[in-house]
Amino acid sequence: MNKQGLRSDLQRALSLCKGAFFAAAGFSMVINLLTLAPTIYMLQLYDRVLSSRSLTTLTMLTLVIVVIFITQGALEWVRSQILVRVSARLETLLNERLFKIAYKRSLYSGGQQASSQPLDDLTSLRQFLTGSGLFAFFDAPWLPFYVALMFAFHPYFGWFAIISAIILLILAIVNEKVTSKVLAEANGLAVVGRALVNKNLRNAEVIESMGMLNNIHQRWLVGSNKILALQAQASSRAGLITSLSKTTRMLLQSLILGLGAYLAILQEISPGLMIAGSILLGKALSPIDMIIASWKGFIVAREQYARLNQLLTQIPADREKMTLPEPQGNISVEQAVVAPPAAKIAVIKGISFTISRGESVGIIGASGAGKSTLVRALLGIWPAANGKIRLDGADIFEWDRIELGPYIGYLPQDIELFEGTISENIARFGKVDPQKVVEASQMADVHEMILRLPEGYDTVLGASGGNLSGGQRQRIGLARALYGNPRVVVLDEPNSNLDDQGEAALANAMIRLKQQQATVIVVTHRHNILGRLDKLLILKDGTIAAYGARDEVLAHLQQQAQAAAQQQAAAQQQIAQQAAPPRPAATTFTVPI
């Protein structure tokens, strides 16, 4: 449980599966009882069959032991199937939550923590639950039962079993002490290393074009070598303990035969009990030996459980939100303070403004002024640390994202097209409405270009957009943003990759959006689109330098530019005057008469 005493989703999922674990434990009980059959069979052979020389007894005992072994095998198969189904149910219960967590971590970190690690951890944990190592943990609790039975054989056998168990338990504790910390460090570095490799692979073109591969590889190799060294150190230690454990167990099984022979010579036990004691000791110590052998997998599973538990506690599930009316597109920002996730310094610093339905607003400013941060806040991607950002009067975070999504159009700076057909990408991977797909494509003036592709709208794109140019990807991304006639459209540098034809298509799309009374927000550095906008918002160091009607703001900018030019000219004139050499003083001559 966490510090508040609340169970995480992982703990609740395991609780839902506890009935299956109890069933597996019940099967383990029966299996362990049936495991006594070979010992009893051996006793009967030595003490009854050999002395009576009865073939009938031998035949019946053999048939019984065959049936018992078949039954035991069937029960072990059933137990394994129970754990397989438990692991499958565990993944079914958690995979959606963990998928959303991986998505949110990437979303709130700006892509810096984009990783499938939570899903990988769940898969590995599921595999551990179906492995043979877990069976040892079900069988280990039966050690006292076997020890008690050996006491029934002879007290010396019982004490020998206790001493043997203590020796192997000490080896198991030593194995934990010498390997767990090293393996945990290695696994942590491996997680970071995989994230670094994924990031490098996403930037393969940059690495290749500038010849950075060797440098990137050397940097990765440093971490990889450290991981290898730690894993080799842990494996070497674990291998030593495992070998010592196996050798010790075999030695103890042999020594108990010597003890049994000694007691048989003294006629305190029968020869059958001598052999049975060795078999029973092996069975009693086998789970401990198996636990030591599979300890590395157990440590890895424990680390995965801890990571999943922490994630599920830190990022709670989305609460259900009441359905709100369809948005109209009225936006109000009230003293909003916005900082990127995990950042301590606010980028947007207490700004306020309103955008009415159907208005088009351009956001301009120097690099680092906070334009992208403001856009993410307006879309509800990043939360406001203070103040409110409202859509039709409701906090943007109070909207259900699934319900709100169809009414929002977004064209980011970096266009990402997903694995699938062009029509699926434009339809946002929902149910493809051909009419709406074509309408959006025509608004973005990309319909003819798509038709010229080998398979038209059914052309399959990769994650990088296939062989499409940057401008083509941007126009398909614009069609995706326009799909379904959204009420709010946010375009972040929409003309950064467009040619003249694309610029014309964007201008036409702006006209259509205006006719549909859509609220449009455009972030741009290029001024040729400003003529299509109603208002301009100028950001400077996270604050509003100017906001109002386009012509008024442009006039204000022009006045500022003229004033700045005049100040600069005056400053340059002053500097020039200070730098000029002083004129020589006038000399007066007296001319005699």
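These legends go with an overall view and several close-ups of charged side chains in a predicted model. Residues are numbered from 1 along each chain as its sequence is written. In this predicted model, local features need pLDDT of at least 70, side-chain atom pairs count only at pLDDT 80 or more, and totals for chains, interfaces and linings use all residues, while side-chain values use heavy atoms, with hydrogens and water left out.

**Figure 1. The whole protein chain, with 20 helices and 12 strands.** Helices (H or I, at least four residues) and strands (E, at least two) are DSSP runs, numbered from the N terminus. The radius of gyration is 38 Å, well over the 25 Å that the globule rule gives for 593 residues, so the chain is more spread out than a compact globule. Here the radius is taken over C-alpha atoms, and the rule is 2.2 Å times the number of residues to the power 0.38. Along the principal axes, the C-alpha atoms fill a box of roughly 160 × 85 × 50 Å. Of the 593 residues, 40% are buried (under 20% relative accessible area, with exposed meaning over 50% and partly exposed in between; 1.4 Å probe, protein chains only). Among contacts (heavy atoms within 4.5 Å) with a separation of 6 or more, 74% join residues 24 or more positions apart.

**Figure 2. Aspartate 9 and arginine 12 within one helix.** Both residues belong to helix α1 (residues 9-16), 3 residues apart, about one turn of the helix. Their closest N and O atoms are 2.2 Å apart in a salt bridge (a side-chain nitrogen of Lys or Arg within 4 Å of a carboxyl oxygen of Asp or Glu). Aspartate 9 counts as buried at 18% relative accessibility, and arginine 12 as partly exposed at 38%. Look for Arg97 too: Asp9, Arg12 and Arg97 are linked in a network of salt bridges. A search of the whole structure finds 11 salt bridges.

**Figure 3. Glutamate 326 paired with arginine 487.** In this salt bridge the closest N and O atoms are 3.4 Å apart. The pair links distant parts of the chain, 161 residues apart: glutamate 326 sits in the loop between α12 (295-314) and β1 (331-338), and arginine 487 in the loop between α18 (470-482) and β9 (488-492). Glutamate 326 is partly exposed, with a relative accessible area of 45%, and arginine 487 is partly exposed at 22%.

**Figure 4. Lysine 514 paired with aspartate 534.** The closest N and O atoms of this salt bridge are 2.3 Å apart. Helix α19 (residues 500-515) carries lysine 514, while aspartate 534 lies in the loop between β10 (519-523) and β11 (535-540), so the pair links distant parts of the chain, 20 residues apart. Lysine 514 counts as partly exposed at 36% relative accessibility, as does aspartate 534 at 27%.

**Figure 5. Lysine 371, buried yet without a salt bridge.** This residue is found in helix α13 (residues 371-378). The nearest side chain of opposite charge, glutamate 493, is 5.8 Å away from lysine 371 (Lys and Arg count as positive and Asp and Glu as negative; His and the chain ends are not counted). Leaving aside neighbours within four places in sequence, lysine 371 has contacts that include Ile363, Ile364, Val523, His525 and Leu539.
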